[in-house]
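Please look over the sequence and the model shown here, and then follow the questions and answers beneath them one at a time.

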Amino acid sequence: MQVITIANTKGGVGKSTLALHLAAAIQRQGLSASVIDADLGQRSAAWFLERRYARLNGKAGEPISVMTLARKPDGTLVQRFTELVKAERDKGRRVIIDTPAGGGRCLNAALDLSTLVVTPINESLMDLNAIADDEGRPGALGQKMEAARERREAGQRPKLEWRVVVNRVSPLISRNAGKVGDRLRLLAEARDFEIAGHLVERMLYRELFEEGLTLFDLFRPGLDDVPESARKARDEMQTLLTGLGLPAVL
Ligand SMILES: Nc1ncnc2c1ncn2[C@@H]1O[C@H](COP(=O)(O)OP(=O)(O)OP(=O)(O)O)[C@@H](O)[C@H]1O
Ligand SMILES: [Mg+2]
């Protein structure tokens with residue numbers, strides 16, 4: 001069963017947004033997904049779920065499941081996290097792990113349990129440093145991925161797949177797009193990942209998250225007053241899902 005870790009040591013790049021959208025997309029395909037919120041400080045996914053309950057109030061919407069870990073001063077966090085991921089996976093659910101900026105204490109365990117790692121990055125040269133710097137030296141995230149792949153190799157397990165999503169792409173012509181795109185393609189080859197697609201910078205993503213909604217909640221049978229920007233966003237998300245190897249939703 002699939003375990004997908006959403007990881008970037010850089011903060012505010014869209015990890016939680018993407019985690020919740022992937023879970024919603026999987027639910028809408030008639031499969032079940034659990035988001036495990038490994039961001040114990042911020043608990044964005046858990047916060048999203050609270051807003052979702054309040055907003056939907058029993059009305060139709062994907063029953064997104066978010067699980068959090070209790071903060072206990074007993075040093076068993078990583079073990080409890082590992083058990084939770086395995087338990088959800090063994091129930092036949094797809095598991096999406098939302099990790100914090102910096103990676104957090106559970107990141108290595110998450111990488112070891114994953115079938116796929118998805119990294120959203122902002123469309124900026126500086127943000128690529130988390131993967132590798134100008135001299136090709138791996139950055140904070142690049143090092144974590146390298147070490148996780150080495151552990152796999154040592155254990156003779158299949159290679160850890162890694163896909164990068166460029167987020168907050170300017171809807172206008174970006175001065176940086178060419179440079180960022182060129183550098184990202186070089187890095188993809190050097191650090192062995194695929195570029196899965198992109199999401200445009202849209203106020204809608206922020207508004208939806210704050211209401212505990214995903215793009216998919218806007219598209220229900222009988223609703224035809226969906227704004228054009230939401231349609232564009234949905235098309236983008238569909239293309240991205242395909243790029244991540246997940247079936248498109250609608
Ligand atoms: N494509 C986008 N367009 C506009 N706003 C976006 C987009 N993607 C994410 N955001 C907004 O950017 C902010 C950060 O996104 P999110 O919380 O998903 O990032 P994160 O990587 O999980 O952050 P953290 O590292 O703090 O956990 C949120 O307010 C979110 O709504
Ligand atoms: Mg987050």
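Q: What is the relative accessible area of Asp192?
A: Buried means under 20% relative accessible area, exposed means over 50%, and partly exposed covers what lies in between, with a 1.4 Å probe and protein chains only. Asp192 has a positive phi of about 60° although it is not a glycine, and it is found in the loop between α6 (177-191) and β7. Asp192 counts as partly exposed because its relative accessible area is 36%.

Q: What kind of model is this?
A: Residues are numbered from 1 along each chain as its sequence is written, while chains are lettered from A and ligands numbered from 1 in the order in which they are written. Side-chain values use heavy atoms, leaving out hydrogens and water, and local features need pLDDT of at least 70, side-chain atom pairs count only at pLDDT 80 or more, and totals for chains, interfaces and linings use all residues, since this is a predicted model.

Q: Which strands are the edge strands of the open sheet?
A: Helices (H or I, at least four residues) and strands (E, at least two) are DSSP runs numbered from the N terminus, and two strands pair if DSSP finds at least two bridges between them. Seven strands form the open sheet, in the order β3-β2-β4-β1-β5-β6-β7 and with parallel pairing. An edge strand here pairs on one side only, which is the case for β3 (65-68) and β7 (194-200).

Q: Which residue stands opposite Val166 in β7?
A: Strands of a sheet pair through backbone hydrogen bonds, either parallel or antiparallel. Strand β6 (residues 161-169) and β7 pair in the parallel sense over five bridges. Opposite Val166, in β7, stands His198.

Q: How many residues of β5 are buried?
A: In a regular strand the side chains alternate between the two faces of the sheet. In β5, Leu116, Val118, Pro120 and Asn122 are buried on one side, and Val117, Thr119 and Ile121 are buried on the other. Strand β5 runs parallel to β1, joined by three bridges, and parallel to β6, joined by seven bridges. The count of buried residues in β5 is seven of seven.

Q: At about what angle does helix α1 run to β4?
A: Axes are lines fitted to C-alpha atoms, for helices over the stretch in contact, and angles run from 0 to 180 degrees between N-to-C directions, where contact means heavy atoms within 4.5 Å. Helix α1 (residues 15-28) lies across several strands, including β1 (3-6), β2 (33-37) and β5 (116-122). Helix α8 (residues 228-243) lies across β6 and β7 and runs at about 165° to β7. For α1 and β4 (94-98), the angle is about 170°.

Q: Which element gives the most to the lining of the largest pocket?
A: On a 1 Å grid over the protein atoms alone, a cavity is a set of points where a 1.4 Å probe fits but cannot get out, a pocket is an open set with protein on both sides within 12 Å along at least five of seven lines, and lining residues have an atom within 4 Å of a point. The largest pocket is lined by 26 residues, with Gly12, Val13, Gly14, Thr17 and Arg168 lying nearest its centre. The elements that give two or more residues to this lining are α1, α2 (44-56), β6, β7 and α7 (203-210). The greatest contribution, five residues, comes from α7.

Q: What is the volume of the largest cavity?
A: Grid points are joined across faces, edges and corners, and a volume is the space filled by probe spheres set on the points. The structure holds one cavity of 30 Å³ or more. Gly14, Thr17, Leu18, Pro120, Val165, Asn167 and Leu199 line the largest cavity, whose volume is about 30 Å³.

Q: What is the relative accessibility of Arg191?
A: Arg191 has its place in helix α6. Not counting residues up to four places away in sequence, Arg191 touches Ile131, Ala132, Gly136, Pro138, Gly142, Glu146, Arg149 and Trp162. Arg191 counts as buried because its relative accessibility is 15%.
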